[in-house]
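Thanks for coming. I have one model to go through today, so please look at the screen while I talk.

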Amino acid sequence: MLSISGLEVSFQGSPVLNGLSLSVVAGETVGIIGPNGSGKTTLFNCISGFVTQRGGTIALRGEEIQDLQPNARALRGLGRVFQNFGVFRNMTVLENLLLALESRSDQMLSILPWSSGRAQQKEQALALLREVRLEEKASLKASSLSGGQMRLLEIIRTVAAGAEVFLLDEPTAGVSPRMKDDVTGIIRRLQELGKTVMIIEHDITFIERFCTRIVVVNEGRIVLDGTPEQVRSDEQLKEIYFGRA
Ligand SMILES: Nc1ncnc2c1ncn2[C@@H]1O[C@H](COP(=O)(O)OP(=O)(O)O)[C@@H](O)[C@H]1O
Ligand SMILES: [Mg+2]
């Protein structure tokens, strides 16, 4: 599904990704952990096109996308879920989803008469809101949502935009314990839908609920790619990752 090879990124001449390579199969969920500043978010920014690589290739379903703009990558099914970005706070929750549905390239709705196309989109949008129990918030401004509800909206608007690959950067950061279960629920739903998911998380206990594969990034390289058990028992890793604790 996603194949990254030899990715190199530098900021002001200092390397942040050092020839990082990684392949993810369709329908797989991969957890990504690593110390602060190790390049995890930069990896997502590079995959989604918000940061330009100095070297290396990124292929989505076998097609190289590294020279495409972010919106062109999104239209091919790449879903970067941003925190506090991508959701329009002054629009209603429903309008946010309608906008995402309209951004899709694969929609047949544009050939339907305007009103029936709109009605169908509204039905789809409401169905998505029901998935995350936000239906009754449909007509409220997005700015009125709690941190956790906002996170759910960010994820389902990416579903609405037609994403097949989801890049989730610390999806539970700043989310209340109760809402964490809802975030867990929507990630499981993405898995049921056969989506490909990459999750950056601090908390290995949280991500191992979803994935049997965890990738550890340190200084812009993958230093371990294995099961949660392998990650937990790796001695070198304890030093770089858990060492300071
Ligand atoms: N846009 C940017 N401009 C300059 N430096 C950046 C930028 N984004 C990230 N960095 C630097 O790159 C390194 C990796 O950052 P990041 O990818 O955010 O790490 P992580 O997500 O693993 O904590 C850090 O040293 C950070 O300061
Ligand atoms: Mg980060």
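I will go through the two sheets, then the helices, and end at the ligand.

Some ground rules. This is a predicted model, in which local features need pLDDT of at least 70, side-chain atom pairs count only at pLDDT 80 or more, and totals for chains, interfaces and linings use all residues. Residues are numbered from 1 along each chain as its sequence is written, and chains are lettered from A and ligands numbered from 1 in the order in which they are written. Helices (H or I, at least four residues) and strands (E, at least two) are DSSP runs, numbered from the N terminus.

Start with the sheet of 4 strands. This sheet is open, its order is 2-1-4-5, and the pairing is antiparallel; two strands count as paired if DSSP finds at least two bridges between them. At the edges are strand 2 (14–24) and strand 5 (63–64), each pairing on one side only. Strand 1 (residues 2–11) and strand 4 (residues 55–60) run antiparallel and are joined by 5 bridges. Ile4 has Ile58 of strand 4 opposite it.

Now the other sheet. Here 6 strands form an open sheet with mixed pairing, in the order 6-7-8-3-9-10. Its edge strands, strand 6 (78–81) and strand 10, each pair on one side only. On average, neighbouring strands of this sheet are turned by 20 degrees against each other, direction ignored. For such angles, axes are lines fitted to C-alpha atoms, for helices over the stretch in contact, and the angles run from 0 to 180 degrees between N-to-C directions.

Strand 3 pairs with strand 9 in the parallel sense, over 4 bridges, and Val30 stands opposite Arg213 in strand 9. Strand 9 (residues 213–218) pairs with strand 10 in the antiparallel sense, over 5 bridges. Two partners in strand 10 are Leu224, for Val216, and Arg221, for Asn218. The hairpin of these strands has 2 residues between them, and Glu219 there takes a positive phi near 45 degrees.

How exposed is Val223, in strand 10 (residues 221–226)? Val223 is partly exposed because 16 other C-beta atoms lie within 10 Å; with C-beta atoms placed from the backbone, buried takes 20 or more, exposed 12 or fewer, and partly exposed is in between. Leaving out residues up to four places away in sequence, Val223 touches Val216 and Asn218, where contact puts C-beta atoms, placed from the backbone, within 7 Å.

On to helix 1. Helix 1 lies across strand 1, strand 2 and strand 4, at about 70 degrees to strand 2. Helix 1 also lies across strands of the other sheet, including strand 7 (165–169), to which it runs at about 150 degrees. Of the 9 residues of helix 1, 8 are buried. Just after helix 1, Gly49 has a positive phi of about 95 degrees.

Helix 3 (residues 93–102) has Val93, Leu94, Asn96, Leu97, Ala100 and Leu101 buried. Down its axis, the buried residues of helix 3 fall within an arc of 160 degrees, so they line one face; the arc is that of the directions from the helix axis to the C-beta atoms.

Last, what surrounds ligand 1? Its shell is Phe11, Val16, Gly34, Asn36, Gly37, Ser38, Gly39, Lys40, Thr41 and Thr42, near meaning a C-beta atom, placed from the backbone, within 6 Å. Helix 1 (residues 40–48) gives the most to this shell, with 3 residues.

Technical notes. Contact = placed C-beta atoms within 7 Å.
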